[in-house]
Structure formats: structure tokens, C-alpha cells
Amino acid sequence: MHGTGTGTFAGRFLVGAGYSAYNSIIGAGDINDDGHNDLVARDTSGNLWLLPGNGHKGVGARIKLGTGDQKYGYLH
């Protein structure tokens, strides 16, 4: 859910499909400094991905951040 700017949350909405490829996803703030909140996700092979927010209730093309991250139990 996203904030309304008044201290409450608006209703949920569909961001996309196909996220079952990831075993951990976190909201990471604005990683790429474009003014939109981003997601960071780890896939089952241990690859770490940036899913940049597009400012329109969705994400743009993913960007690979690294590999070998399966050794960590969770992202935080």
C-alpha cells in the first residue's frame, strides 16, 4: 500500500506479475536518485536486482546489482 501524504494509506494496487522468481524483496527508498522509491530483490540463484520505481505505481527494467547473495538469510 502507498501513503496518501496525510499519515494514512490508500488502497492496494497491482504493481506487476512474475515476482515469484524472487525469494526476498524490500522497499529500499530511492536507490538511483531519480525521485521515485525503488525495490531491491534477490532471485533464487542469489542475484541481487534493483527494480526502479517509475513514479506511476510500477517499476522499470531491472538492473543487476550483484551475485552470490544467496548466502544471506534475508535482506533488510
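## Exercises on a predicted four-strand chain

Confidence in the protein chain bottoms out in strand β1 (residues 22-29), with a mean of 88, and peaks in strand β3 (residues 48-51), at 92. Those scores are pLDDT, the predictor's confidence in each residue, from 0 to 100. This is a predicted model, so to speak of local features pLDDT of at least 70 is needed, side-chain atom pairs count only at pLDDT 80 or more, and totals for chains, interfaces and linings use all residues. Residues are numbered from 1 along each chain as its sequence is written, and side-chain values use heavy atoms, with hydrogens and water left out.

### Exercise 1: Get an overview

Task: Work out which elements the protein chain has, and how much of the chain is buried.

Solution.
- Step 1. Count the elements: there are 0 helices and 4 strands. Both are DSSP runs, numbered from the N terminus (helices are H or I with at least four residues, strands E with at least two).
- Step 2. Read the order: from the N terminus on, you get β-β-β-β.
- Step 3. Check the confidence: the chain has a mean pLDDT of 83, with 86% of its residues at 70 or more. Where pLDDT is low, the predicted coordinates should not be read in detail.
- Step 4. Look at burial: 24% of the 76 residues count as buried. Buried means under 20% relative accessible area, exposed over 50%, and partly exposed in between (1.4 Å probe, protein chains only).
- Step 5. Add the surface: the accessible area is about 5,200 Å², and carbon and sulfur atoms own 53% of that. The method is Shrake-Rupley with a 1.4 Å probe; for residues, only the protein chains shown count as cover.

### Exercise 2: Pair the strands

Task: Find how β2 pairs with β1 and with β3, then say why β2 is described as largely enclosed.

Solution.
- Step 1. Start with β1 and β2: they run antiparallel and are joined by 6 bridges. Two strands pair if DSSP finds at least two bridges between them.
- Step 2. Pick a bridge: Gly27 has Leu39 in β2 as its partner.
- Step 3. Move on to β2 and β3: this pairing is also antiparallel, over 4 bridges. Here Ala41 bridges to Trp49 in β3.
- Step 4. Inspect the turn: the β2 and β3 hairpin has 4 residues between the strands, and Gly46 takes a positive phi near 90°.
- Step 5. Settle the burial: 5 of the 6 residues of β2 are buried, so the strand is largely enclosed by the rest of the structure. Ala41 is found in β2 and is buried, with a relative accessible area of 0%.

### Exercise 3: Look at the rings

Task: Describe the aromatic pair of Tyr19 and Tyr22, then find what lies over the face of Trp49.

Solution.
- Step 1. Count: the structure holds 1 aromatic pair. Tyr19 and Tyr22 make it, 6.2 Å centre to centre with 45° between the planes, which is tilted.
- Step 2. Check the rule: rings of Phe, Tyr and Trp (its six-membered ring) pair if their centres lie within 6.5 Å; planes under 30 degrees apart count as stacked, over 60 as edge-to-face and the rest as tilted.
- Step 3. Compare exposure: Tyr19 is partly exposed because its relative accessibility is 24%, while Tyr22, at 13%, counts as buried.
- Step 4. Go to Trp49: Arg62 lies over its face, 3.6 Å from the ring centre. For such a placement, NZ of Lys or CZ of Arg must be within 6 Å of the ring centre and within 35 degrees of the ring normal.

### Exercise 4: Follow Asn47 and Gly66

Task: Place Asn47 and Gly66, then list what Asn47 touches.

Solution.
- Step 1. Place them: Asn47 sits in the loop between β2 and β3, whereas Gly66 belongs to strand β4.
- Step 2. Classify them: Asn47 is buried at a relative accessible area of 15%, and Gly66 is partly exposed at 21% relative accessibility.
- Step 3. List the contacts (heavy atoms within 4.5 Å). Not counting residues up to four places away in sequence, Asn47 touches Ala41, Arg42, Lys64, Gly66 and Thr67.
- Step 4. Reverse the view: leaving aside neighbours within four places in sequence, Gly66 is in contact with Gly46, Asn47 and Leu48.

### Exercise 5: Spot the positive phi

Task: Say where Asp33 lies, and whether Asp33 is buried or exposed.

Solution.
- Step 1. Locate it: Asp33 lies in the loop between β1 and β2 (38-43).
- Step 2. Read the angle: phi of Asp33 is near 60°, a positive value in a residue other than glycine. Most residues other than glycine have a negative phi.
- Step 3. Classify it: Asp33 counts as exposed because its relative accessibility is 70%.
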